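Student: I have a model to go through. Can we test its labels against their definitions?
Tutor: Yes. Here it is.

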There are 2 protein chains.
Amino acid sequence: MKLSSKARYAVMAMADLATHDSGRPVTLQDIADRQELSLSYLEQLFGRLRRGGLVNSVRGPGGGYLLARSSGETRISDIVLAVDEPLRATRCMPGSPQGCRTDKKRCLTHDLWAELGNQIYLFLSSVTLDDVVARRVLGSSGLISAPPPAESAGSVEDRSDLALRH
Amino acid sequence: MKLSSKARYAVMAMADLATHDSGRPVTLQDIADRQELSLSYLEQLFGRLRRGGLVNSVRGPGGGYLLARSSGETRISDIVLAVDEPLRATRCMPGSPQGCRTDKKRCLTHDLWAELGNQIYLFLSSVTLDDVVARRVLGSSGLISAPPPAESAGSVEDRSDLALRH
DNA sequence: AGATACCCGAGTAATCCGGTCAACTTTACG
DNA sequence: CGTAAAGTTGACCGGATTACTCGGGTATCT
C-alpha cells in the first residue's frame, strides 16, 4: 500500500463527495472549488475511483459523480488501493519474496514490513468514509496492544509529528 | 514518519549488526558484502545512526561499529527516525495544522492521517531489533481491535501485498 | 609509516509525482 | 438536429526528491 499525497487527495475528495451526498450527482468542478484541487487532477483521480467501483458517474449536463456505496460502506483502504496501484518491489518488499535475496531464505526484515503493511491495511479498512466526515476517527479505532519494550528517552504518548511520504 | 527504502536498508543493516554482535566491532565492509549494499551508502546511513546514538564507532584498524544499546532495547522506530528526517508538510499532514486550510477549521481528513501516523509509530516502536533477528514479529504485536465495518467483496484476512512507498 | 576503517560533504543520475493539456465521447435540452 | 455541459482518455512536463557515488579527509592500530 502506497500512501502518497495522491491517495490523500482522493480521500479528501471522497469525503467531500460524501458530505454533499444528496442523491444528485456532484460535479468535479464543485469538489475542485471546495477542496482547492485542480479539476484536471480530480478527473485523473476519479477515473481510477470509477474503475475501482467506488463511484458512479453520470454524463452530460446535470451529471457528476455519486458514491457507489454508502459512506458507511466505503472503507478508506478501498480508496487508497483504487488510486495508488500496488508498486514495484525494491529489494525486500511484501508481495515479492524473490527480492529477498541474500541466499534463499527470506531476509530478516521481510516479516517486519509485511506485518507493518498488514497493520496499516487493517487500520485503514477499519475506518469508513462516514467515520471521517463524522470526525469519528481519533481514538475510536483500535490501538496497538503491546507496549513499547523499553523506554530509552522521552515519552511516547503522542507522536503526531509523523507522516508517510512527502 | 517517512518510510523510504533508505529506512528499510538501515533496518536491514542494523539487523545484520545485531546478528553479528560479538563484542568486537563490525566493519561496514562486512555488512555491505552480506547485505549487498554499497559501502558508500552504508557510510552515509551509519553516519546518521551514530549521530542518533544508536551505534558507536571505533576507528582505525580493527574498528567498525557496535550497537550502542542491546538489540532488545533498540526499537525499529528509533532507526527509522534516525535515518529519515521528519519531512516538510504538503497540504494536510500531521504536524502542520496550518496546511489544513479550506477556511480555519482543520480539514476533514486531518485526524485520519494523524491517527494513522500514530498507529505506525506505535507498531514500529513495539518491535525491537531483537524481535526481528529472532523472527518474532508476525502476529506477536498487537492487532487493531475494530473489525472492518462492512465486507463488500473478497476477504480481508491477509493483505501482505502491501507496501509503503516504492 | 602505512594500512585500515571511519568520516563527511559535494555531486549526480534517475525516478517519481503532482499537475496540465488537448482532444474525444456521451448526454441533456431547446 | 445542434449545441453545450459534462465526463473520459492519454500523452506530456518540469520540478523535487531519492538513492547512490566519489574523493578526499582523519583517527588509530601495528
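Student: How far is a phosphate oxygen of DNA strand D from an N or O atom in the side chain of A:Arg50?
Tutor: The model is predicted. In it, that distance is 2.9 Å. A polar contact needs N or O atoms within 3.5 Å, so the A:Arg50 pair counts.

Student: What makes the pair of B:Ser5 and a phosphate oxygen of DNA strand D a polar contact?
Tutor: A polar side-chain atom of B:Ser5 lies 2.5 Å from that oxygen. The cut-off is 3.5 Å, so B:Ser5 qualifies.

Student: Which part of DNA strand D does the side chain of B:Arg59 meet?
Tutor: A base oxygen, 2.8 Å from an N or O atom of B:Arg59. B:Arg59 is also among the residues that come nearest to the strand, including A:Tyr65 and B:Lys2.

Student: Of the strand D atoms within 4 Å of the protein, how many belong to sugar or phosphate?
Tutor: 72% do, and the rest belong to bases. The surface residues near the strand divide into seven nonpolar, eleven polar and eight charged.

Student: Now the helices. Why is α2(A) called oblique to α3(A)?
Tutor: Helix α2 (residues 28–35) and helix α3 (residues 39–51) of chain A pack at about 120°, with axes 9 Å apart. Perpendicular covers 65 to 115 and antiparallel starts over 145, so α2(A) is oblique to α3(A). The crossing of α2(A) past α3(A) is right-handed.

Student: Which residues meet there?
Tutor: A:Leu28, A:Gln29, A:Ile31 and A:Ala32 in α2(A) meet A:Leu39, A:Leu42, A:Glu43 and A:Phe46 in α3(A). By class, six are nonpolar, one polar and one charged.

Conventions:
Residues numbered from 1 in each chain as written. Chains lettered and ligands numbered in written order. Predicted model: local features only at pLDDT ≥ 70, side-chain atom pairs only at ≥ 80, totals over all residues. Heavy atoms only, no water. Axes fitted to C-alpha atoms, helices over the stretch in contact; angles between N-to-C directions. Helix = DSSP H or I, 4+ residues; strand = E, 2+ residues; numbered from the N terminus. Parallel < 35°, antiparallel > 145°, perpendicular 65-115°, else oblique. Left-handed = near helix turned anticlockwise from the far one by under 90°. Contact = heavy atoms within 4.5 Å. Nonpolar A, V, L, I, M, F, W, Y, C, P; charged D, E, K, R; others polar. Near = heavy atom within 4 Å. Polar contact = N/O pair within 3.5 Å; in protein donor to acceptor, adjacent residues only side chain to side chain.
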